[in-house]
Amino acid sequence: MRNDQCIAIVVLWVAWAAVAGGWNGGARGSEAGSYAWPERPVEGYFAGRPWYGELTAALASEAAAAEDTARRLARRHEGDRLVLEAIADWLREDFSHGNGSAAASHVEGSLEALSDSHTPKDSNDQSIPRFTWWARKGSREWVQYNFPEPRQVSGVEVYWFDDRPRGGCRVPHSWEVLYRDGRQWKPVEGAGAYGVERDRYNKVTFEPVKTSGLRLAVRLQENYSSGVLSWKVLPEHLSAKAPAPGLALRRRIEPMVDSLGGAPHLRRSLRDRIDTLAARGEAATGQQWAELYLDAAALRRAARLAPHRDALRRVVFAKHFLMGGSHYAYTEGQSDAQHERHFRPGSALCMMELDGLFASVRTLIDDPGGVLRDPDVCYDGRRVLFAWKKSDREDDYHLHELDLTTGERRKLSEGLGYADYEAAYLPDGNIVFNSTRSIQTVDCWWTEVSNLFLCDADGRFIRQVGFDQVHTNFPTVTCDGRVIYTRWDYNDRGQIYPQGLFQMNPDGTAQRALYGNNSYFPTTLIHARSIPGTGKYVAIFTGHHTTQKGWLGIIDPGRGREENQGAQLIAPVRETPAVRIDRYGQSGDQFLYPYPLSEREFLVSFQAGGEGQFGIYYIDEDGRRELLANDPGNHCNRPIPVRPRPRPTPRPSTVDYRKSTGAVFLQDVYGGLGLQGVERGTIAALRVIALEYRAAGVGENRNRGPAGGALVSTPISINGAWDVKRILGTAPVLPDGSAAFEVPARMPIYFQAVDANGHAVQTMRSWTTLMPGEVQSCVGCHDHKNSSPPVVGLTEAARKGPRPLEEFYGPARGFSFIQEIQPILDRHCVACHHLAEPPPYLRNASSRPRPWERENDEIVPAFSLRGVQTLDKRAERLWSDSYVALAHRRVANWMNPQSAPPVQPPYSTGAARSPVIEMLERGEHFGVSLDREAMDKLALWIDLLVPYAGDYTEAMNPEVLPRYLHFLEKRQRWQEEEARNIAALIEHFETGRSAP
């Protein structure tokens, strides 16, 4: 053989090895070849291991305590660590927490307390953990166990928590036991008396039932809550001949037989061994039952993983700290962060390899001083995209790519002071990612905002495609090629709850809500991915002021798009009530980064009981699970199978960056939910408003309302608008309810339906953004996304085509009280309203409700409506006398910035419901009469939620202005760079090459 032939063979072998196992220059794990897949009946599957005897002895002695033994052995036997960790997880699920995972209608305290090893000394034992329904009182509640496999049960013992005389918990009024039958809960039959005794276990037995879940359905005493210190489940009574040493093991082995549904020969093998040991009675040792248990558990694992062996053969994931800060979305860790900068070094990019029944893990990139995060795998399975921040202050998260066939790494983005992360490969070869390049600050805090951006496969042509108020997070690509992501959304409403799912095309067009944009529940949906072959999505249901962990759930928009209409908690499947909880989903089992293997099975980062580190698991919708990989010293995050996968058909881009506008076509403004009950012909026009976002956090004040309260950063109002509002103009609504108009592209805008008086009838408390050249159409005002539009002919607006917006008394501008309203007051009001004293209603809430009334109907000097400004040091804003006087609920009834998420009724607030407008329209205020322009501006000011500043620097304290200008100049520098990127993209397109 010639030398060149030998070299070629070696090169081919190296390339094959790199593709099959990745590349990092290190040794491969040795576990895979040692634990072959059990295709045939096994006996002594783990026999011969140096730890086997010690483990089986511990199992035989006390199965419930063997978990600790397995974990101790894992620390001693590094080569078998993942095997022993998986066994320990079996023991935790089957014995230490043998009643399976727990769930409840409401949780205060610890669900783990239900089945821990503590024996209460009395019902008010506060020295041990407890579970309660606090502070629910007098209501119907439940708590349940979800078993790994169906099991026979015949009774329960419950030790109630009762902290009388001073506490608020008592034994319940009544209760009963239910069992799961499919997805229904049914009462057990033949139950004895349901006891509510204190200081003892209350035992009830019933006809044995085979079930995958058991529930205590409880009615609380009036004015009291309740709780449980301990809950035991009694198995079906076995034959008296059953050997006592193996009783607990046998009870767990028998249900495993049913889990081997597709392998009758394996079931027969297990059943024969069970029968043989049972026949031997006391002659069978506990160790023999322990050996049988381990073999049965190995076969159960094989049955669970078998359908997904190809997907699980190679899985990339990242080790790093738990993401999130004071809010789930704060993960940027930006080097020049204004306030929060969450960065905990110690990270690795890893490859899990499942060549046998158990996995090994190889480190692809290790960085003890930095953080690697957000891996994504390209469609051919050869490259991994990830974000990497190597230093707290001297680096930021940027996009990197690892070629698994060659080991080559390259950096795709850069720039100190910008964080680029959460990237995903797009079907057209581009990349979508999250970035702080928009240079914004959260409205209700001082943290950098992330938005969605695009670049090509080489990191070129970076440009913004999401122009959102606060954070967007975790873009992923659906099976049909859309991009879905989490959007935090609170324009003209409360900030805690609207954090639902949005979708868009890969080029940024067709941005619209997917689920929960007008909902309290789920509080936050994150880490969402589409489930192949369905219209459903798996996601984490989590909270607002939390990290990103939470409960696992399915979103099915086909069942509805708000609250819990299409939301279903799984692992286990259980009731999913629509609740209003800030820190939602933070108790019990915790989940991160689900990846669907099928409609009912998932690869996921999981933390049992909310304790320890997150590991990589297989899990199904009922909560049956298998540990695949973990690290006792670090969390394992975002598992992604490394294999070729179907590439969705790329959607041709409709974006034309040579244009600066888009067009909106509205079929019928009366056709949606927002204007129900409004008489046709009421709506005269659509008012189009753009949002302008703050570049930095300077000063603060507060707002409060139905949806809660919040800090407001860089405030531009007093308990009013969150953001600067730019009035772009109006579009007429034609007699058939249609409208068509042009709007600026790449600018967040929202609409108000206004009547002939120029008063808002309904407001879009969200926003939309059109890309250059995009045509966006909608059925009506808050149209229902699951309904088909009515079949109509060509609308009047469609026949005429989109027209430019009509100006609102001048060109588009930020609406400023100082510039728009104060001149009106100077002309008509300050002649009387010039006293330095504030209005009486600012000093005394019980003063006359109408501040414009005078004693004896005489015109006398009154409180100031002058433009004299006074510094509010906390807000760092110079408010005028007139603004402080008029931005008051006695005068104007503007929509509360803490209004609730659901769609508000027409005419619920605004200029049409404001006392000052009513007064002026009636002409009752001492002959004051405003012309139409003045009345329109005053109405607009109220409908825009009484903004004071037309930009963030207007009337800002000069002492802090330089700080704000620093970040504003940073934004301008990025925008100049982005303009060059877009110009290069246009040139790239116009030269005849395919646009990226």
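**Exercise 1. A residue in strand β5**

Task: In this predicted model, find which residues V177 touches, leaving aside those up to four places away in sequence.

Solution: Start by selecting V177 and listing its contacts. Beyond its sequence neighbours, V177 touches V156, K186, P187, V188, Y194, V204, F206, L214, R215 and L216. Next, place the residue: V177 belongs to strand β5. Now ask about its accessibility. The relative accessible area of V177 is 0%, and the cut-off for buried is under 20%, so V177 counts as buried. Finally, take a C-alpha distance: V177 and A191 are 14 residues apart along the chain, and their C-alpha atoms are separated by 8.3 Å.

**Exercise 2. Two helices against the ruler**

Task: Compare the end-to-end span of helix α8 with the span expected at 1.5 Å a residue, then do likewise for helix α15.

Solution: Helix α8 covers residues 286-305, which makes 20 residues. The expected span is 1.5 Å times one less than the number of residues, so for α8 it comes to 28 Å. The end C-alpha atoms of α8 are 29 Å apart, in agreement with that value. Helix α15, residues 932-943, has 12 residues; its first and last C-alpha atoms are 16 Å apart, close to the expected 16 Å.

Task: How many residues of α8 are buried, and how many of α15?

Solution: In α8, 16 of the 20 residues are buried, so this helix is largely enclosed by the rest of the structure. In α15 the count is 10 of 12, so that helix too is largely enclosed by the rest of the structure. The buried residues of α15 include the charged-type names D936, K937 and D943, along with M935, L938, L940, W941 and I942. Keep going just past the end of α15 and you meet L945, whose phi is positive, at about 70 degrees.

**Exercise 3. Backbone surprises in loops**

Task: Which residues does a cis peptide bond join in the loop between β4 and β5?

Solution: The bond joins R164 and P165, and its omega is about 15 degrees. P165 sits in the loop between β4 (140-161) and β5 (174-181). A cis peptide bond also joins F521 and P522, with omega about -10 degrees. P522 lies in the loop between β23 (512-515) and β24 (524-530).

Task: What is the sign of phi at D199 and at N719?

Solution: Phi of D199 is near 60 degrees, a positive value in a residue other than glycine. Its loop runs between β6 (184-187) and β7 (202-219). Because its relative accessibility is 40%, D199 counts as partly exposed. Phi of N719 is near 55 degrees, again positive in a residue other than glycine. N719 is in the loop between β36 (708-713) and β37 (724-732), and at 22% relative accessibility it counts as partly exposed.

**Exercise 4. Stepping back to the whole protein**

Task: What radius of gyration would a compact globule with 996 residues have, and what does the protein have?

Solution: A compact globule with 996 residues would come near 30 Å; the protein has 32 Å, which agrees. Along the principal axes, its C-alpha atoms fill a box of roughly 110 × 90 × 60 Å. Now add the makeup: the protein has 16 helices and 46 strands, and 61% of its residues count as buried. Among contacts with a separation of 6 or more, 68% come from residues 24 or more positions apart. To finish, look at the surface: about 37900 Å² is exposed, with carbon and sulfur atoms supplying 49% of it.

Technical notes. Residues are numbered from 1 along each chain as its sequence is written. This is a predicted model: local features need pLDDT of at least 70, side-chain atom pairs count only at pLDDT 80 or more; totals for chains, interfaces and linings use all residues. Side-chain values use heavy atoms; hydrogens and water are left out. Helices (H or I, at least four residues) and strands (E, at least two) are DSSP runs, numbered from the N terminus. Buried means under 20% relative accessible area, exposed over 50%, partly exposed in between (1.4 Å probe, protein chains only). The radius of gyration is taken over C-alpha atoms; the globule rule is 2.2 Å times the number of residues to the power 0.38. Contact means heavy atoms within 4.5 Å. Accessible areas come from the Shrake-Rupley method with a 1.4 Å probe; for residues, only the protein chains shown count as cover.
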